[in-house]
Amino acid sequence: EYMGAALKNFVRFECMGTVMASQDDFKPGTKALCRWRDSEEEHVCELLEMRMGENGMKEYYVHYTAFNRRMDEWVSADRIDTSSLNADFDDDNDKTRLTRNLKRKHDEVNAVHKSNEELDPAAEKEHEEITKVKNINVIQLGKYEIDTWYFSPYPDEYGTTEKLYICEFCLKYMRKPYTLERHKAKCQLRHPPGDEIYRHHDPHLPYQLSMFEI
């Protein structure tokens, strides 16, 4: 039994060494196929930056060449198809074709992006350089999980957090769900910290809608 366990560990570490070696081949600007979130679809992406995640494994910041940069995200190395590194990609091929749902998202974000095209070019370039890498992929606000679009100026220690947990009342942010649960037990607020500027109440619904200016 001891020898069997030792052999399993040897094989496991040998495999990890092989994976890490292939990950070291990733360079900024390298193109590869990346698995799209929870689906089996793969899309051409450009690897922009690398960091060590909270679990000690490498993560890569990718830009999908067929999508607006708001779709950029941090991904784990196992989502990268290492066999496709530096392949000669045609951005119009089948694997980069937008699905109906992604095309809708793509059009929506591009429509908003166009409204910023009249900014001073120098200021816009400086802003994009500072904020080009999105540091947090997802936030949890109450019962809603929300994908982020842009860089957020949170403290550096939150920069490798995959998901940020935010109190829906006081807006305090935390890295762990159990920290949020402890905070909720003590938080005295029952509305966001600001002035209520609009309220809509429908007697046929079990809730009312309120908007706050923060």
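How many bridges join β6 to β8, and do the two strands run parallel or antiparallel? Four bridges join them, and the strands run parallel. Keep in mind as you click around that this is a predicted model.

**Stop 1: the sheet around β6 and β8**

Select β6, residues 138-141, together with β8, residues 163-166. To see one rung of the ladder, show I139 in β6 and L164 in β8, which are bridge partners. Now add the other two strands of this sheet, β7 and β9. You should have an open sheet of four strands, in the order β7-β6-β8-β9, with mixed pairing. The edges are taken by β7 and β9; each has a single partner strand, so one side of each is left without a neighbour in the sheet. As general background, strands of a sheet pair through backbone hydrogen bonds, either parallel or antiparallel.

**Stop 2: the hairpin**

Next, zoom in on β6 and β7, residues 144-147. These two strands pair in the antiparallel sense over four bridges. Pick Q140 and look across to β7, where E145 stands opposite. Then follow the chain into the turn: the hairpin has two residues between its strands. Click on G142 in that turn, and you will find a positive phi of about 65°.

**Stop 3: out to β9**

Move to the other side of β8 and select β9, residues 173-174. Here the pairing with β8 is antiparallel, over two bridges. Y165 is a good residue to display, along with its bridge partner in β9, M174.

Stay in this region and select L171, in the loop between β8 and β9. What sort of phi does L171 have? The angle is positive, about 70°, although L171 is not a glycine. With a relative accessible area of 34%, L171 is partly exposed.

**Stop 4: the loop between β7 and β8**

Now select F151, which sits in the loop between β7 and β8. At 30% relative accessibility, this phenylalanine counts as partly exposed. Which residues does F151 touch, leaving aside those up to four places away in sequence? Show T131, V133, K134 and N135 to see the contacts. For a distance to check in your viewer, try the C-alpha atoms of F151 and I136: they are 15 residues apart along the chain and separated by 7.2 Å.

**Stop 5: the cysteines**

Colour the cysteines and look for disulfides: the structure holds zero. Start with C170. Its closest cysteine sulfur is in C167, 3.7 Å away, which is too far for a bond because a disulfide needs the two sulfurs within 2.5 Å. C170 counts as partly exposed, at 23% relative accessibility.

Then jump to C45. Is C45 buried or exposed? It counts as buried, at 0% relative accessibility. The closest cysteine sulfur to that of C45 belongs to C34, at 4.7 Å, again too far for a bond.

**Stop 6: a loop between β1 and β2**

For the last stop, select R37 in the loop between β1 (31-35) and β2 (42-52). Like L171, R37 has a positive phi without being a glycine, in this case about 45°. R37 counts as partly exposed, at 22% relative accessibility.

Definitions and conventions
Residues numbered from 1 in each chain as written. Predicted model: local features only at pLDDT ≥ 70, side-chain atom pairs only at ≥ 80, totals over all residues. Heavy atoms only, no water. Buried < 20%, exposed > 50% of the residue type's maximum accessible area, 1.4 Å probe, protein only. Pairing = 2+ DSSP bridges. Contact = heavy atoms within 4.5 Å.
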